[in-house]
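Student: I have a model open and want to check the labels on it. Can we go through them one by one?
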Amino acid sequence: MSLKEISLEELDPQKFIKEKVDEIRAIVGENCAINALSGGVDSSTVTMLGHIALGERLRTYFIDNGLMRENEPEQVISLFRSLGVNVILVDAKEKFFKALKDIRDPEEKREAITRVFYKEVFGKIVKESGIKFLLQGTNYTDIEETVAGIKRQHNVLEQLGIDTEKEFGYRVIEPLIQLRKPAIRRVAEALGLPKSVYERIPFPGPALAARVIGEVTPERVEIVRRCTSILEQELKNVKAFQYLAILHEDKVTGIVNGKRKLGLQVEIRCWDSVDAKTASPTKLSYEILEKVSERITSEVKDVVSVTYNITGKPPSTIEAV
Ligand code: XMP
């Protein structure tokens with residue numbers, strides 16, 4: 001791999017920001033650039049770099065796939081608006097749920113989400129805009145994982161459905177390509193992004209769909225969304241790498257209003273980890289676990305069972321899908 005990493009120790013955040021801003025300006029010139037913002041650390045950092053470099057000539061889109069956490073689209077958009085970045089919201093919920101209909105296989109689900117995002121939604125926006133410069137938050141680990149065959153091929157234009165033979169002049173700008181996550185968090189902080197962004201716990205690309213076993217429907221995502229919200233409230237002071245709630249497919253017998261009734265099962269996972277490659281379950285107190293269970297079963301309709309995962313990664317993975 002010829003690309004050289006800039007380690008956290010080597011990184012001078014202000015110098016890095018200046019170099020990248022100059023680089024983006026030099027590449028884009030008087031033209032416009034386009035990017036998609038999810039609210040994650042990488043895309044938030046890239047958006048700020050692009051904004052400083054290009055101002056109004058950066059066009060930033062937030063694609064609402066219907067799979068985000070409670071109020072997430074509104075919060076991300078209002079944060080960036082407060083920083084002077086005009087984010088355009090695209091409601092693509094229906095397209096995503098249509099593509100996810102009847103799919104149960106985890107890989108097929110992931111594939112459907114990636115396809116809709118790149119080809120049907122963002123790819124169309126890019127082509128119709130006529131803008132030829134794309135800002136992308138690819139990082140050093142993404143490249144390593146692509147080389148090692150862990151991730152799908154890293155070729156953004158191909159993913160967007162842009163045939164570079166036919167459609168000339170597209171250029172992808174990847175300012176974070178030499179940095180790993182800890183260094184990106186440092187740059188995000190130096191850019192003035194709030195702690196909620198630079199210390200944000202990992203959240204997967206397929207969003208809450210990675211936490212729904214079986215079919216991903218708006219109703220089933222809503223159950224996971226409610227559980228996630230409760231879990232995040234109850235665990236906000238716990239030092240952990242990541243925590244999540246998973247909706248299972250099988251129903252179990254429960255007792256609701258004194259009657260036996262088939263109900264839903266929710267699994268909680270909370271992880272200690274450094275790099276997500278291996279992880280072990282956090283030794284949460286029984287008090288916290290009981291509170292989470294009590295709130296989920298009383299506040300989320302039809303849930304009659306809450307379990308805590310006690311298996312490490314491997315053989316478990318962090319997410320369920
Ligand atoms: P797994 O489930 O593979 O997750 O043990 C490892 C870490 O990666 C996150 N994750 C993803 N992040 N896009 C992402 O940006 C994805 O498709 C994706 N899948 C998993 C996961 O949350 C965990 O931190």
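Tutor: Start with the ligand; the model is a predicted one. Around the ligand sit Arg110, Pro202, Pro204, Gly205, Pro206, Gln242, Ala276, Lys313, Thr317, Ile318 and Glu319.

Student: What makes arginine 110 a polar contact of the ligand?

Tutor: The cut-off is 3.5 Å between N or O atoms. A polar side-chain atom of arginine 110 is 2.7 Å from a ligand oxygen, so the pair qualifies. Glutamate 319 also uses a polar side-chain atom, at 2.6 Å from an oxygen of the ligand. Isoleucine 318 uses a polar backbone atom, 2.8 Å from a ligand oxygen.

Student: How much of the ligand does the protein cover?

Tutor: On its own, the ligand has 500 Å² of accessible area, and the protein covers 68% of that.

Student: Which classes of residue make up the shell?

Tutor: Five residues are nonpolar, three are polar and three are charged.

Student: Now the cysteines. How many disulfides are there?

Tutor: The count is zero. A disulfide needs two cysteine sulfur atoms within 2.5 Å.

Student: How do you know that cysteine 227 is in no disulfide?

Tutor: The nearest cysteine sulfur belongs to cysteine 270 and is 15 Å away. The cut-off is 2.5 Å, so cysteine 227 is in no disulfide.

Student: Why is cysteine 227 called buried?

Tutor: Its relative accessible area is 1%. Buried means under 20%, so cysteine 227 counts as buried.

Student: And why does cysteine 32 count as partly exposed?

Tutor: Cysteine 32 has 31% relative accessibility. Partly exposed lies between the 20% and 50% cut-offs, so the label fits cysteine 32.

Methods: Residues numbered from 1 in each chain as written. Predicted model: local features only at pLDDT ≥ 70, side-chain atom pairs only at ≥ 80, totals over all residues. Heavy atoms only, no water. Near = heavy atom within 4 Å. Polar contact = N/O pair within 3.5 Å; in protein donor to acceptor, adjacent residues only side chain to side chain. Areas by Shrake-Rupley, 256 points an atom, 1.4 Å probe, with all protein chains shown as cover. Nonpolar A, V, L, I, M, F, W, Y, C, P; charged D, E, K, R; others polar. Buried < 20%, exposed > 50% of the residue type's maximum accessible area, 1.4 Å probe, protein only.
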